[in-house]
Amino acid sequence: MKALFNWIDHRTGIRSLTKEALFENIPGGSRWRYVWGSTLTFALFVQFVTGVFLWMGYSASSGDAWESVNYIQNEMTGGWLLRGIHHWMAQAMPILLLLHLMQVLVDGAYKAPREVNFWFGVILLKLVLALSLTGYLLPWDQKGYWATKVATNLANLVPFIGPEIQKLVVGGTDYGHHTLTRFFALHAGVLPALIVLLVVGHIYLFRRHGITPAEPRKKKDAYFWPDQVFKDAVACLAVMATVMFFVIWYHGAHLSSPADPSEPFSAARPDWYFLYLFQFLKLPAFAGNKEVWGAIYIPSMFVGLICLMPFIGKWKVGHFFNVGVMFAFLGGAGALTYLAKHEDVSGSNSAIYLKALLDNERDARRAIELARHQGIETTALNLLKTDPKTQGPKLFAQHCASCHRYDGHDGLAHSLLDAKSLHDLKRRTSSFQRFASSEAIHPDWLARLKGGAKTNDWQTVQAVLSANIEGSYEVIASTKFKEAPSAPDLKGFASRQWIIELLKPEMYISSRFFGGTVHKDGDMYRRFLNRKVIKYNDEEKEMLKLVALALSAEAKLPLQSNIDEADETLIKQGVDHLIDDISCINCHAFQEPDPDVEGPDLTGYGSRQWIIDFVKNPEHEKFYPETNDRMPSFGKKNILTEKEIGLIADWIRDDYYKGSNSSVTN
Amino acid sequence: MDNNEEINSEGCTVPNQDAVDEAISNSDSAIVSEVSVDDRSSPVACHLSEVKIPAESEEGFTSEVDLEERRGFVKFLCIVIGGIVSAVPFGAGIWAYLNPLTREKEGGGDGFIKITTLDAIPANGTPAKFSVIADKEDAWNKFKNISVGAIYLLKEGGKVKALHTVCPHLGCFIDYRSSKNDFFCPCHNSNFKLDGSIVSGVSPRPMDPLKIEIRNKEEVWVKFQNFQPGHDHPIPLS
Ligand code: HEM
Ligand code: FES
């Protein structure tokens with residue numbers, strides 16, 4: 001063994017190299033404050049290792065990037081751990097960089113003869129930030145896509161050659177495959193190579209000049225090995241432990257929904273360590289075409305100033321100036337970061353911001369769920385685009401919600417955890433909760449007393465709080481409509497419950513059904529509900545209920561398939577009543593076309609095809625040839641395609657993949 | 001080690017390992033041959049030039065001065081050749097890298113894209129967002145009928161107006177805020193009126209209007225373009 005080692009040493013000189021590495025003299029002995037450089041080297045090492053392994057699962061193209069990262073995060077054994085470490089160590093690096101930089105400045109380690117090494121450090125800092133910036137785009141999710149767009153658009157502001165630079169960075173005029181391939185080549189190739197070169201140079205120069213002792217020296221000189229190495233090791237352990245805490249807490253790293261150029265993401269923000277720059281650009285001083293000052297000139301001048309610090313630091317005053325400048329910068333950046341966060345969670349547009357986060361979270365979960373359940377045939381984005389649960393509400397909100405409602409909202413509301421009491425409701429609206437908790441409530445969102453009789457009577461949380469009514473509250477993230485609905489609420493359309501409610505005279509003319517339409521004065525109400533039904537005895541009421549069952553069965557709602565099957569005989573009776581005793585067919589066609597009646601055809605009422613036909617053309621003779629009240633013919637006038645109408649119909653009918661019980665980690 | 005062995009056969013002293021080790025630790029660099037150049041008097045020193053030069057001058061075709069000159073030229077050639085051979089891979093790479101600057105944008109037709117029909121735009125003047133569905137080339141892929149962006153359409157006194165959804169400041173997606181009936185960019189708080197003009201915020205110009213044509217009485221066609229951010233007037237990206 002010894003002989004072997006001697007042989008190796010003879011041919012390589014490893015022994016003296018190790019000796020040299022370990023027996024570096026540290027004036028004043030080992031200190032905790034010297035650990036930051038080592039923790040950074042360690043962090044880089046961790047990023048290189050996890051990065052290369054991520055690379056083995058990552059595919060850099062716009063149709064594959066999200067898909068491959070999702071696969072790493074949610075399907076690959078240990079993938080979440082690997083990605084989590086890479087993500088959270090990247091979060092730790094800016095902090096470590098800052099600590100390192102501050103130690104160097106405060107202890108005066110940047111002054112002659114160490115100027116060049118200080119510059120190496122500054123360049124390394126920039127390179128690491130560049131790695132973070134390029135890495136942020138790689139998952140190709142909404143968050144990275146929109147935030148990075150802002151960053152690459154900044155390149156446009158560079159004087160003279162801005163647009164060309166942007167084109168080169170983006171790999172064309174638009175984001176696409178080549179944006180990713182270029183970013184990835186930078187992220188995993190060019191930047192790491194430069195960093196390795198500079199780190200080697202950095203450490204070489206550091207050794208050449210030795211460590212700058214922090215005065216006063218508390219102890220005798222000592223070698224690097226083992227005391228300082230021990231402290232460094234403990235510090236690395238602490239860094240790793242902190243990172244692991246976050247990795248496990250978040251089960252990896254967050255992945256937002258697949259990038260979509262046509263879908264806004266109102267919560268696009270850069271990673272937290274760039275937020276101060278982001279906030280800086282909001283300052284009115286950089287409005288209009290003075291933007292280039294905030295984005296390029298001032299930051300560049302500041303970096304220039306940092307590079308000059310070794311010379312300024314030659315004088316004692318200069319040193320204090322340098323340290324003062326850095327602390328002032330830290331204070332300013334900290335304040336801007338705080339402002340950015342504060343504006344997002346409590347500013348005047350925080351309701352929009354927080355809702356955008358919820359929207360995105362919903363899409364992200366859905367994409368992950370569909371990818372797992374259905375598999376990705378083309379792209380994950382396409383899974384979302386053809387999913388009724390995702391597209392239905394969006395189309396409904398845009399095309400239908402100006403008159404209709406869905407459970408009192410526009411279809412896009414998020415159900416939040418119920419508030420158990422008024423106090424609970426209030427607590428959850430605090431800005432701290434909004435910053436820190438996922439069950440926070442914005443005062444502009446909606447709430448209603450739980451178990452209230454009228455199901456779609458929502459008020460803003462603010463109004464609820466000031467009304468001071470004790471109770472437990474349902475809460476949704478949505479804004480209140482200014483106008484009352486002018487057409488029926490379609491939540492549960494054609495379900496038994498919905499039809500039973502509809503057939504109550506007082507409900508028929510309420511705003512939940514036809515109160516806002518001309519039909520409240522139509523024959524259905526005047527001649528039938530208000531003249532006959534209102535006087536029904538118990539037996540007739542029972543018959544009407546069976547009619548409701550029978551009519552609802554026409555819809556073949558997937559949610560009701562079980563009870564429809566079980567109640568087959570009742571439904572048969574209901575059909576008989578519908579035709580004979582209650583005589584709906586006096587005004588409606590049923591089971592066969594009847595051109596002489598006024599009311600809409602009840603054959604297949606609420607089925608997919610019925611809804612599609614109706615939405616395409618409500619004025620069709622099957623529906624309301626004469627009495628259609630304002631509803632546009634979406635199909636006939638090419639406002640919506642048949643596919644889109646189908647998505648809405650499937651969503652209203654709750655006819656889509658519901659999600660498995662196996663939990664999706666995110 | 002090759003060199004040392006050759007020299008060895010010409011009768012030079014073989015450096016012993018301890019001396020080499022010492023030389024290494026005394027020097028900034030660990031290359032043995034350099035050590036020997038610096039330290040000609042030591043027994044370690046054995047250098048090609050000391051062996052070969054006398055032989056050359058015996059043949060008499062060079063003087064010391066000529067030799068210096070020739071060496072200078074050789075050094076120059078080394079640099080030139082080294083430069084050329086290492087420039088080749090960089091040149092090829094950079095040439096390919098610059099491709100986006102010269103790539104022609106495919107332009108079929110007049111650039112107008114059918115967005116929707118007049119009836120789909122709210123009559124009360126509220127803006128509605130529409131996806132722009134077109135074919136898109138993305139490097140090696142050609143996608144048919146995918147959404148390449150989005151626009152706002154609104155009716156304004158009987159006319160239809162089209163505004164880009166992309167913020168002229170730095171390219172975020174501008175929101176329509178129904179609560180205030182205005183446009184708002186959630187990134188750096190730029191705020192626009194429904195006609196696209198600036199109310200407040202840092203945007204250098206109003207929202208970008210897009211050319212619009214009504215064809216076949218009811219079809220809304222829009223010339224969809226993206227513009228460079230950050231300027232005070234719209235410059236199309238090409
Ligand atoms: C200091 C060094 C590095 C930093 C600060 C860094 C930072 C980042 C960041 C912030 C992300 C986004 C992670 C996320 O939130 O999803 C990322 C992703 C990625 N990085 Fe790095 N990185 C570094 C080095 C490397 C290296 C050396 C490689 C490969 C050789 C690499 C390969 C990747 C890959 C493949 C991804 C995409 C997978 C994913 O997003 O999870 N990284 N990096
Ligand atoms: S991108 Fe719209 S305000 Fe900055």
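Q: Why does A:E539 count as exposed?
A: Its relative accessibility is 59%. The classes are buried (under 20% relative accessible area), exposed (over 50%) and partly exposed in between, with a 1.4 Å probe and protein chains only. A:E539 is therefore exposed, at 59% against a bound of over 50%.

Q: What kind of model do these values come from?
A: This is a predicted model, where local features need pLDDT of at least 70 and side-chain atom pairs count only at pLDDT 80 or more, while totals for chains, interfaces and linings use all residues. Residues are numbered from 1 along each chain as written, chains are lettered from A and ligands numbered from 1 in written order, and side-chain values use heavy atoms, without hydrogens and water.

Q: Where does A:E539 lie?
A: In helix 23 of chain A, residues 538-554. Helices are DSSP runs of H or I with at least four residues, strands are E runs with at least two, and both are numbered from the N terminus.

Q: What makes A:E539, A:D576, A:D580 and A:D581 a negative surface patch?
A: Asp and Glu count as negative, Lys and Arg as positive; His and the chain ends are not counted. Patch members have over 30% relative accessible area and no salt bridge; like charges are joined within 9 Å, nonpolar side chains (Val, Leu, Ile, Met, Phe, Trp, Tyr) within 5 Å. Each charge is placed at CD of Glu, CG of Asp, NZ of Lys or CZ of Arg. A:E539 clears the area bound, because 59% is over 30%.

Q: Which residues form a positive surface patch?
A: A:R527, A:R531, A:K532 and A:K535. A:R527 sits in helix 22 of chain A, residues 523-529. Its relative accessible area of 49% makes it partly exposed, and it too is over the 30% patch bound.

Q: How do you know that A:R608 and A:D650 meet in a salt bridge?
A: The rule asks for a side-chain nitrogen of Lys or Arg within 4 Å of a carboxyl oxygen of Asp or Glu. Here N to O is 2.7 Å, so the pair qualifies. The link joins distant parts of the chain: A:R608 in helix 26 (residues 608-616) and A:D650 in helix 27 (residues 642-652) of chain A, 42 residues apart.

Q: Why is A:D650 called buried, and A:R608 partly exposed?
A: A:D650 has a relative accessible area of 11%, under the 20% bound. A:R608 has 35%, which falls in between.

Q: What makes A:E642 and A:K616 a salt bridge?
A: Their closest N and O atoms are 2.9 Å apart, which is within 4 Å. This pair also links helix 27 and helix 26 of chain A, 26 residues apart. A:E642 is partly exposed at 42%. A:K616 is partly exposed at 26%.

Q: Why does the pair B:K144 and B:D135 count as a salt bridge?
A: The N to O distance is 3.8 Å, so this pair also meets the 4 Å rule. B:K144 is exposed at 57%, whereas B:D135 is partly exposed at 36%.

Q: How many salt bridges does the rule give?
A: The count is 38 over all chains. A:D424, A:R427, A:R428 and A:E439 are linked in a network of salt bridges.

Q: Why is B:V148 called buried?
A: Its relative accessible area is 17%, under 20%, so it is buried. B:V148 is in strand 3 of chain B, residues 141-156.

Technical notes: Areas by Shrake-Rupley, 256 points an atom, 1.4 Å probe, with all protein chains shown as cover.
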